[in-house]
Amino acid sequence: MWFRNVDTVGFTPDCVDLSIDSCNLVHMSTTSSSTSLHSSAHGTDVAQPPAGTVLQGIPAVAGVQYAPVIRPGSRPHVDDAPTGSDIEESDRPGEVSRFTAAAAAVADRLRERAANASGAASEVLATTAQLAQDRAWIAATEKRIGDGNPAVRAVTGAVDQFVTMFTQLGGLMAERVTDLRDIRDRVIAELNGLPEPGVPVPTVPSILCAEDLAPVDTAGLDASLVVALATTLGGPTSHTAIIARQLGIPCVVAVDGLDAVAAGTMIMVDGSVGTVTVSPDEAVATQAVEVARGEADLAKSWNGPGATADGHVVAILANVQDGAAARSARETPAEGIGLFRTELCFLNRSTEPSVDEQAQIYGDVLDAFDGCKVVIRTLDAGSDKPLKFVGHPDEANPALGVRGIRIALGNPGILTRQLEGIAAAAKKTGHAPWVMAPMIATPAEAEAFATETRAHGLVPGVMIEIPAAALLADRILEHVDFLSIGTNDLTQYTMAADRMSAELATLTDPWQPAVLALIAMTAKAGVAVGKPVGVCGEAAADPQLACVLVGLGVSSLSAAAAAVSAVGAKLSQVTLAQCRQAADAALATATAADARAAASAVLA
Ligand code: PEP
Ligand code: MG
């Protein structure tokens with residue numbers, strides 16, 4: 001999952017067995033040389049890629065920057081097999097106090113930085129401070145000291161234990177591994193009387209490159225000095241991406257080969273297409289930066305409503321997860337909400353919220369977009385977003401398991417009560433929301449959902465996230481009033497590639513022509529019967545791809561609020577004929593990179 005919810009950050013998710021142990025310790029050091037053979041982030045000698053090499057990653061925040069590389073300062077060396085003698089029993093209480101004082105000092109410093117920061121940066125720092133004082137890991141470390149381990153070894157072992165668990169849990173929890181290692185490094189530095197590890201303050205505008213960035217590393221960054229971010233690991237939902245978005249600087253994650261690029265090398269980061277170019281031609285890079293800056297300025301001055309340059313209307317909507325997000329989306333030119341992810345309101349709930357409570361929460365979102373289109377999605381629980389009160393079965397393959405609408409199979413009351421809550425919110429606010437179901441695979445599922453939704457006086461639609469549903473979109477449309485294409489899952493299931501996997505980023509690219517073909521099929525089915533077909537996956541946040549989607553026939557685009565202006569502005573610059581031509585050109589290719597290039601040639 002690509003969102004961040006601070007309340008899910010902790011050492012002990014309920015499903016975790018604290019007895020798991022591990023010895024997967026890591027080595028970390030820094031790159032410092034600018035010669036052609038230098039030390040990588042793993043401490044091995046690597047050859048600097050030749051000038052002009054284009055490294056591919058995942059686009060996280062749009063924009064282009066050209067500047068020298070800086071890398072974070074060194075972290076404490078963590079041994080593969082920590083040795084050394086155990087401490088005497090009589091010294092153990094003192095060692096425990098030394099550890100708790102170190103953890104408290106780290107947490108205090110983070111809290112102080114949180115108090116001096118704002119927005120997401122402050123939230124990230126405060127959450128990391130909370131993590132440094134987490135009871136489960138403090139107890140696990142104290143126990144190891146009690147068994148005779150010196151504090152540094154105990155810290156390393158305890159954090160490693162949780163790293164293993166989180167990695168096994170995958171999804172959202174696996175993305176917290178960097179946070180855990182960051183806490184470990186800070187506490188060890190404190191125990192050893194060393195300065196806290198972190199990002200150096202550059203003297204000239206620079207691009208920060210790292211294997212991955214801890215939240216606290218990115219939270220205090222000065223956007224005038226760190227002008228872009230690139231990481232070898234991480235996903236589009238990692239803290240790096242979130243903070244980059246807040247700072248308004250381009251960001252690319254999961255960049256293959258980035259470790260080999262030495263500090264001091266001039267690079268160009270293109271956060272729109274997800275590339276890092278090593279030592280590019282200076283004139284070309286400078287011009288690309290200028291063009292990107294012009295597009296950003298244009299986006300700032302775009303006020304909607306969504307339409308192509310020749311007046312073809314396309315609603316530009318926002319994706320939200322609660323009332324606060326909806327109110328902040330209202331500050332953008334978004335014309336409504338294309339996706340309200342209701343499950344995100346309940347991630348930390350152990351009991352099902354009552355119908356009244358649900359009505360209150362949904363009403364809050366409807367109020368923010370009074371008189372506008374709002375599409376509420378019923379609970380998409382399961383896989384990387386389990387809800388405790390749903391009682392998910394233990395599954396070997398949860399992405400293909402009981403998730404989305406499938407939870408209603410074993411527990412139909414949850415859907416019924418949610419529809420009651422939405423209907424009550426609609427009545428109270430005088431709003432007529434559209435309601436859609438996630439993870440629909442068959443026309444029969446769509447029909448059953450539509451019947452129940454209509455019985456509550458609501459307008460039914462379904463998401464197209466499974467290739468089977470795209471292939472039968474015409475038959476699904478016999479039952480519902482609209483479709484919304486979830487390109488994140490549609491790409492995952494079309495390419496049989498986990499959307500959270502950094503290694504499979506080339507496959508999980510919505511520009512894949514196979515994915516575009518399924519979108520084309522779905523949109524065509526909608527046009528044929530005059531019913532709206534929108535896109536609410538991340539594909540709608542990419543301005544070029546958004547134009548292609550319009551060319552394929554979709555009638556609305558819904559994306560993160562931060563992407564709304566850039567998408568609307570780009571669309572306003574091109575004609576419907578150009579969009580159609582770009583769509584045809586992309587559909588005719590065989591790779592995501594060629595599709596992107598073919599569309600850009602038409603839309604530039
Ligand atoms: C999608 O799959 O594209 C989508 C919008 O749903 P989510 O990202 O919440 O799974
Ligand atoms: Mg989905």
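This passage looks at the surroundings of ligand 1 in a predicted model, then at two local features of the backbone.

Ligand 1 turns up inside the protein: it sits in the largest cavity. Two elements each give two or more residues to the shell around the ligand, namely strand β12, which runs over residues 336–341, and helix α17, which covers 487–495. Helix α17 makes the largest contribution to that shell, with three residues. In total, 16 residues surround ligand 1, and the closest of them are R341, R377, G486, N488 and R499. As for the chemistry of this shell, eight of its residues are charged, while four are polar and another four are nonpolar.

A few polar contacts can be picked out around the ligand, and they involve both side chains and backbone. On the side-chain front, E465 places a polar atom 3.0 Å from an oxygen atom of ligand 1. The backbone joins in at T487, where a polar backbone atom is likewise found 3.0 Å from a ligand oxygen. D489 also takes part through its backbone, with an N or O atom lying 2.9 Å from an oxygen atom of ligand 1. How much of the ligand's surface does the protein bury? Taken alone, ligand 1 exposes 290 Å², and the protein buries 100% of that.

The database record can be set beside this picture. An unreviewed UniProt entry carries the annotation "binding site" for R341, R377, N488, D489 and R499. Turning back to the model, R341, R377, N488, D489 and R499 are included in the lining of the largest cavity, which is where ligand 1 sits. Four of the annotated names, R341, R377, N488 and R499, also appear among the residues closest to the ligand. One of the annotated residues, N488, lies in helix α17, the element that gives the largest share of the shell.

Two spots in the backbone deserve a brief look too. Where does P305 fall in the chain? P305 belongs to the loop that links helix α9 (282–301) with strand β11 (315–320). The peptide bond leading from G304 into P305 is cis, and its omega is near -5°. At the other end of α9 comes the second spot, S279, which is placed in the loop between β10 (275–278) and α9. S279 has a phi near 40°, a positive value in a residue that is not glycine.

Terms used
Residues numbered from 1 in each chain as written. Chains lettered and ligands numbered in written order. Predicted model: local features only at pLDDT ≥ 70, side-chain atom pairs only at ≥ 80, totals over all residues. Heavy atoms only, no water. Near = heavy atom within 4 Å. Polar contact = N/O pair within 3.5 Å; in protein donor to acceptor, adjacent residues only side chain to side chain. Areas by Shrake-Rupley, 256 points an atom, 1.4 Å probe, with all protein chains shown as cover. 1 Å grid on protein atoms, 1.4 Å probe; cavity = no way out; pocket = protein on both sides within 12 Å on 5 of 7 lines; lining within 4 Å. Sits in = over half its atoms within 2 Å of the grid points. Helix = DSSP H or I, 4+ residues; strand = E, 2+ residues; numbered from the N terminus. Nonpolar A, V, L, I, M, F, W, Y, C, P; charged D, E, K, R; others polar. UniProt positions renumbered as here; feature names shortened; annotations may be inferred.
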